[in-house]
Amino acid sequence: MARHPLPPAPASGGWHDGDPAAFRSFADIGPLRLENGDTLPSVRIAYETWGRLDEAKSNAVLVLHALTGDAHVLGPTAPGQDTPGWWEAVVGPGKAIDTEHCFVVAANVLGGCQGSTGPSSPSPDGAPWGSRFPVVSTRDQVRAEARLADLLGVGAWSLVIGASLGGQRAIEWAVSRPDRVERLVVVASGARTTAEQAAWTHTQIRAIELDPNWRGGDYHALPVGPTGGLALARQIAHTTYRSPAELDERFGRIPQNDEDPLRGGRLAVESYLDHHGEKLARRFDAGSYVALCRTMLSHDIGRDRGGQSEALRRVRARTLVVAVDSDRLFHPDQAWRMAEGIDGALYREIHSVHGHDGFLIECDQLAALLGEFLNERAPSRRPALARA
């Protein structure tokens, strides 16, 4: 395994003044045999770090991103980084996850398109993987992240935290490597993909595959890719990220500017979805979107482990499970059942009208819950779970 570090970060994290991309590093972790029997002959993982690993190697924190996120948890936009840090209200100097005291690591997921090996990456013959990119599971992604941890000298994480798709990897970490996770926080996520989540995911995959520019996934050398299909997939997804009440309160039946729906014009909510679809299509690879959706379809911690209940009994980490009370994608009951299956787990809810995206919006609430948990102001064990 080879590591290709860029100039080291100061203890507080952030970007170098002279080199805005200095914090994105790359690790070549070698070949990876996948859960389905396929093999990726070489894998590269892109990652960012903030803070310093202490001498005891006891302060490492792993932050796992959602479907279209990346390793850029905090920091400004820069060349090669079109979006600002996606969790700056939670991670940073003096924040709930304090980079002045913690060594924080965030990796771009295997199958992604922000520097880690994925469908747009070169295959052994030099051409993009495209349609030849194999299906990778949550377990494969965690196996890759574990190799990165080895390379960074992290034997055990003080904390593993993830939300949405990242939460699926977080619970897999605690189930498959219980000796390497001391504390676990799973936010707006689940232990396995439900039938409804699979249905939403399937429609997003099909939206991309039906774009004539998809070409079976082999479009990377062409001037135009399946951006229309990707934008539509994002519109479907974004609808599930928000709550019906919020959409109705924000948009109702309001037309978009002077557009008249009776004459083919759009409602404001249609324009809103168009904007988010087009925005994602400018920064994300359709092949990675499909690959990560397929990861979600296969996600089930209980597979070949005796079912979900048996798998959850493997978790030894002190655990906090957080749901968003208006989440219609990862329903609170799913998070509740996961918490019930983990010995001593705490369950908390974020109160929000925003739905699933509440984990990104209600950062004050989340930070307070993390502070309670990380500073052990909440009891570690209770006779029975209770919704807070």
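In this short talk I will go from the overall form of the protein to one set of paired strands and then to two single residues.

Before that, please keep in mind that this is a predicted model, in which local features need pLDDT of at least 70 and side-chain atom pairs count only at pLDDT 80 or more, whereas totals for chains, interfaces and linings use all residues. Residues are numbered from 1 along each chain as its sequence is written, and side-chain values use heavy atoms, with hydrogens and water left out.

Let me begin with the whole chain. The protein has 11 helices and 11 strands, where helices (H or I, at least four residues) and strands (E, at least two) are DSSP runs numbered from the N terminus. A compact globule of 388 residues would have a radius of gyration near 21 Å, and the 20 Å of this protein agrees with that; the radius is taken over C-alpha atoms, and the globule rule is 2.2 Å times the number of residues to the power 0.38. The C-alpha trace spans about 65 × 50 × 50 Å along its principal axes. Of the 388 residues, 57% are buried, with buried meaning under 20% relative accessible area, exposed over 50%, and partly exposed in between (1.4 Å probe, protein chains only).

Now to the strands, where two of them pair if DSSP finds at least two bridges between them. Strand β2, residues 25-33, runs antiparallel to strand β3, residues 39-50, and 7 bridges join the two; glycine 30, for instance, has valine 43 in β3 as its bridge partner. The hairpin of β2 and β3 has 5 residues between the strands, and in this hairpin glycine 37 takes a positive phi near 100°. β3 also pairs with strand β7, residues 103-107, in the antiparallel sense over 4 bridges, and here threonine 49 stands opposite valine 105 in β7.

That brings me to tyrosine 47, which lies in strand β3. Is tyrosine 47 buried or exposed? Tyrosine 47 counts as buried, because its relative accessibility is 1%. Tyrosine 47 and valine 105 are 58 residues apart in sequence, while their C-alpha atoms are 7.1 Å apart in space.

Leucine 222, finally, has its place in the loop between α3 (195-209) and α4 (227-241). Because its relative accessibility is 34%, leucine 222 counts as partly exposed. Leucine 222 and leucine 210 are 12 residues apart in sequence and, C-alpha to C-alpha, 17 Å apart in space.
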